[in-house]
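Please open the model in your viewer and set it to cartoon, with side chains ready to be switched on. The tour below goes selection by selection.

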Amino acid sequence: MKRDWHAEEFGVLVTLGESTTAGGWSSSRERCWASRLAALISDVQSRPVRLVNSGIGANVISTRSPCYPHSGKPAATERLQKHVLNHQPDLLVISYGLNDARGGTPLELFQAEMTRVITTVRKTIQPLIVLPSPYYMTDFGAGGQPWTKANLEIFHRYGRGIAEVARKQDCLFVDLLAASGH
């Protein structure tokens with residue numbers, strides 16, 4: 001059923017995620033998907049949306065993720081207050097799955113932790129939440145051990161798992177694998 005997910009113009013967009021969110025692999029931070037999305041939203045509103053890009057390379061969803069000790073970074077579950085809630089976004093994109101899949105996080109654990117992130121956010125604020133699937137990649141050995149536990153089929157399973165969380169938590173889902181032909 002089609003509906004208007006957010007009737008007002010967006011004031012603050014927070015993107016919470018991994019290196020692809022931070023701008024890894026982009027030729028400049030302004031060309032990463034988060035900056036491009038903010039520019040597209042600003043183009044169709046009467047005022048620009050303020051972007052807070054909270055992407056961190058090698059990031060994972062939770063301290064319970066097997067690769068958390070190797071990430072060297074605070075997990076999404078640890079940084080919600082500082083990197084999301086303090087900014088009071090009305091649009092939140094939570095982009096996880098790539099590193100968790102590559103690091104061997106069981107899908108059920110990933111889904112439970114993603115649900116925990118969403119419910120924690122919604123206890124304080126009510127942004128429109130968008131959950132993209134992992135994007136298509138070919139070099140599953142990038143980053144070396146222990147980030148080599150995924151393949152394209154696992155990414156598809158993660159995509160279906162994220163879609164399930166989005167459906168159950170009333171979030172928008174973006175299937176990046178389908179958009180890229182995979």
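Contact here means heavy atoms within 4.5 Å. With that cut-off, the buried residues of α6 pack against α4 (80–83), β3, α5, β4 and α7. The model is a predicted one.

**Stop 1: the sheet**

Select the strands and colour them separately. They form an open sheet of five strands in the order β2-β1-β3-β4-β5, with parallel pairing. At the edges stand β2 and β5, each with a single partner strand, so one side of each has no neighbour in the sheet. Ignoring direction, neighbouring strands of this sheet are turned by 15 degrees against each other on average.

**Stop 2: strand β1**

Select residues 12–17, which make up β1. Are these residues buried or exposed? Six of the six are buried, and the strand is mostly covered. Show the side chains to see the two directions: V12, V14 and L16 point one way, while L13, T15 and G17 point the other way.

Now add residues 50–55, strand β2, which pairs with β1 in the parallel sense over six bridges. Two positions to label are T15, which stands opposite N53 in β2, and G17, whose bridge partner in β2 is G55.

**Stop 3: strand β3**

Move to residues 91–95, strand β3, which runs parallel to β1 and is joined to it by five bridges. Keep T15 labelled: its bridge partner in β3 is V93. V14 stands opposite L92 in β3.

Why is β3 described as largely enclosed by the rest of the structure? Five of its five residues are buried, so the description follows from that count. Both faces are covered, with L91, V93 and S95 buried on one side and L92 and I94 buried on the other.

Next select β4, residues 128–132. β3 and β4 pair in the parallel sense over three bridges. V93 appears again here, opposite V130 in β4.

**Stop 4: helix α6**

Select residues 107–122, helix α6. α6 has 16 residues and reaches 22 Å from its first C-alpha to its last, close to the 22 Å expected at 1.5 Å a residue. α6 packs on the sheet, where it touches β3 and β4, and its direction makes about 165 degrees with that of β4.

Which residues of α6 are buried? They are L107, L109, F110, Q111, E113, M114, V117, I118 and V121. An α-helix has 3.6 residues a turn, so residues three or four places apart point the same way.

**Stop 5: helix α7**

Select residues 152–169, helix α7. At 1.5 Å a residue, the 18 residues of α7 should span 26 Å, and the end C-alpha atoms are 25 Å apart, which agrees. α7 lies across β4 and β5 and runs at about 165 degrees to β5.

Colour the buried residues of α7: I154, F155, Y158, G159, G161, I162, A163, V165, A166 and Q169. To see what covers them, display the surrounding elements, which include α5 (98–102), α6, β4, β5 (172–174) and α8 (176–179).

**Stop 6: where α6 meets α7**

Show both helices together and hide the sheet. Their axes come within 10 Å and cross at roughly 35 degrees. α6 passes α7 in a right-handed crossing. On the α6 side the contact is made by L107, F110, Q111, M114, T115, I118, T119 and R122, and on the α7 side by R157, Y158, G161, I162, E164, V165 and Q169. Colour this set by residue class: seven are nonpolar, five polar and three charged.

**Stop 7: Y136**

Last, select Y136, found in the loop between β4 and α7. Y136 has a relative accessible area of 31% and is partly exposed. Show what surrounds this residue: leaving out residues up to four places away in sequence, Y136 touches L152, L177, S180 and H182. Finally, draw a distance from Y136 to L98; they are 38 residues apart in sequence and 9.3 Å apart in space, C-alpha to C-alpha.

Key. Residues numbered from 1 in each chain as written. Predicted model: local features only at pLDDT ≥ 70, side-chain atom pairs only at ≥ 80, totals over all residues. Heavy atoms only, no water. Axes fitted to C-alpha atoms, helices over the stretch in contact; angles between N-to-C directions. Helix = DSSP H or I, 4+ residues; strand = E, 2+ residues; numbered from the N terminus. Left-handed = near helix turned anticlockwise from the far one by under 90°. Nonpolar A, V, L, I, M, F, W, Y, C, P; charged D, E, K, R; others polar. Buried < 20%, exposed > 50% of the residue type's maximum accessible area, 1.4 Å probe, protein only. Pairing = 2+ DSSP bridges. Expected span 1.5 Å × (residues − 1).
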